[in-house]
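User: I should like to learn how to read the contacts and the sheet in a model of this kind. May we take them one at a time?

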Amino acid sequence: MLLAEAPDALEKRVKERREGLPELPNAVKGEVILRFAPNPNGPLTIGHSRGVIINSQYAEMYDGKMILRYDDTDAKIKRPDLKAYDWIKEDFTWLAGVKPDIILEASARMPEYMAHAKQFIADDYMYVCTCTADEFKQLRIDQQECPCRANSALKNSDLWNQMNDTEGGFNEGDAVVRVRTGMEHKNPALRDWPALRIQRASHPKVGDKYRVWPLLDFQSAVEDHVQKVTHIIRGKDLMDSTRKQKLLYEMAGWNYPETLYWGRVKVHEFGGFSTSQMKIDIENGDFNGWDDPRLPTVRALRRRGFSAAAMRKFWIELSLTQKDISVPLATLISHNSTEIDSSTPRLSFIQNPVMLALNCAGIELPDAIDIPCHPLEKEMGVRNWALPRDSELQVYIEKEDFDIAIASDGKIRLKDFADIDVSENKGGVVTSMPRSDERPIIHWLTEEMATNHTLLRPDEQGEQLDEIKGLLEKNPHPSGTIIQLERIGFARLESSESEPSMTRMIWTHS
RNA sequence: GCUCGCGUGGUGUAGUCCGGCCCAUCAUUGCAGGUUUUCAUCCUGUCUACCCGGGUUCGAAUCCCGGCGCGAGCACCA
């Protein structure tokens, strides 16, 4: 009886809510090899961060290996930026929390690709085509074979040598190598797709060493096989790439990796994340650099005080689906708040300061007050504010709060300190240290604790970068510390490298 | 034009393979309230969804057919 019911019980369990990422198909623990293959034409964007995080998360789940591969085989249209190689490695490591297991540069792997190309041509899997792009486009539409297709493997090997030879008579655009997949495929994208072409632009890494360069589908197909990649996770725009590459794998007798896809992602506040476009905008002076807080780059987010842990939670929650999605930044912000709230020390920041001269003759004030650095995390200690011995206390409050005070009979409470009554002439009197009524509570600063600071904050549309001047509480936190400004929101302390004394904050979020 | 993929609340997401435990999960957002000497954190409540139309079935988010919508590929870019 019990045995008969057991299968039922098992099926129920399957229906329970899945936690985290879905299982990888045919994954064997310890044998999974994944790769993340960006074009090094700029630092990583939020879009790339999905690739880094999902892949590295799977690598962790299955005790697998993670390859970071620079797909730098186009020195002309998507010209590699030498600095980007380091930026990407840095961004990757920050996001994943670990370094990639293997780092590869396609440009450094050229001998491998060229050897395979040569062999595939000799095996008659690929042929040299001298049609123009337009001619072939028409042939593809008409499902007609081009004349070059009839050439023998021997002839093609000869043409291949000519393509690679400076004196060979072939120039950029004169000849490409195609994979002999067949012109009868009903999917036009698969018909004798191009694998390698001539490109004369000098490559930032290897100079003029090569004339012929592989295209993504070929380079990636060969490299994934050589590296024994078991799972490829890529955008669904690359679905036909998978199909193209599978045809080549079939000819070569190789096993194609398991492939999973994700859809397009947009973040409401940013729209898309085109590296090329950002590069242009930066060069035009529209932005101050790749880490401009308005940009959707990983370094900008990091500079703004977003944590890698929040980014990871964000992408894992979005999971791996083929839907095109558009997410509000609020989702990431929410993850970030929960992630950083308990570890961010509180500080007082006064925008539009108004100085109040408070008479405290009627009250016995202590020499100093201790304010918790964090309302819940007591082990973070206290902030010690000395109070002057005079009968007059000078404090700063925000103009906005001053107006509120005036509007409510001048009765207001300085947080963690005392009730005060203020008057329109900016004078006032300390009436009680303990809270005596329900009057509003505001943040404030003693004159002694105030230092000039600016808060760099992108406007709502992310177009302007506002520089808000104000008074920040003196504090011992080093540059890079993420803090919470009482009643305002999170920010990250930053000192400029050229002027260490010049400190400012970058706005994180409220 | 050909080919491919996707359609669950405002936004994401679970469930879809193997139809009933689904008057549909979880999170986030919005709204309402509570705790709090921050407009933070935390807690409670609440609104809103299976693209449409047929079919199969005792029963469909789930299977079948047709439509519609959105996205992508058909580059000598990645």
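User: Which part of RNA strand B is 2.8 Å from an N or O atom in the side chain of Gln 322?

Analyst: This is a predicted model. A sugar or linking oxygen of RNA strand B lies 2.8 Å from a side-chain N or O atom of Gln 322. For Lys 323, the partner is a phosphate oxygen, at 2.7 Å from a side-chain N or O atom. Gln 484 instead has a side-chain N or O atom 3.0 Å from a base nitrogen of the RNA.

User: How many residues surround RNA strand B, and which are the closest?

Analyst: RNA strand B is surrounded by 58 residues, the closest being Arg 140, Arg 197, Arg 413, Asp 416 and Arg 487. Of the RNA atoms within 4 Å of the protein, 72% belong to sugar and phosphate. By class, the residues of this surface comprise 27 charged, 19 nonpolar and twelve polar. Elements that each supply at least two of them include helix 5 (133-142), strand 6 (194-198) and helix 12 (329-340).

User: How are the strands of the open sheet ordered and paired?

Analyst: In general, strands of a sheet pair through backbone hydrogen bonds, either parallel or antiparallel. Here three strands form an open sheet in the order 1-2-3, with parallel pairing. Strand 1 (33-36) and strand 3 (102-105) are the edges, each pairing on one side only. Strand 1 is joined to strand 2 (residues 65-70) by four bridges, and Arg 35 stands opposite Ile 67.

User: Which strands does helix 3 lie across?

Analyst: Helix 3 (residues 82-96) lies across strand 1, strand 2 and strand 3, at about 155 degrees to strand 2.

Definitions and conventions. Residues numbered from 1 in each chain as written. Chains lettered and ligands numbered in written order. Predicted model: local features only at pLDDT ≥ 70, side-chain atom pairs only at ≥ 80, totals over all residues. Heavy atoms only, no water. Near = heavy atom within 4 Å. Polar contact = N/O pair within 3.5 Å; in protein donor to acceptor, adjacent residues only side chain to side chain. Helix = DSSP H or I, 4+ residues; strand = E, 2+ residues; numbered from the N terminus. Nonpolar A, V, L, I, M, F, W, Y, C, P; charged D, E, K, R; others polar. Pairing = 2+ DSSP bridges. Contact = heavy atoms within 4.5 Å. Axes fitted to C-alpha atoms, helices over the stretch in contact; angles between N-to-C directions.
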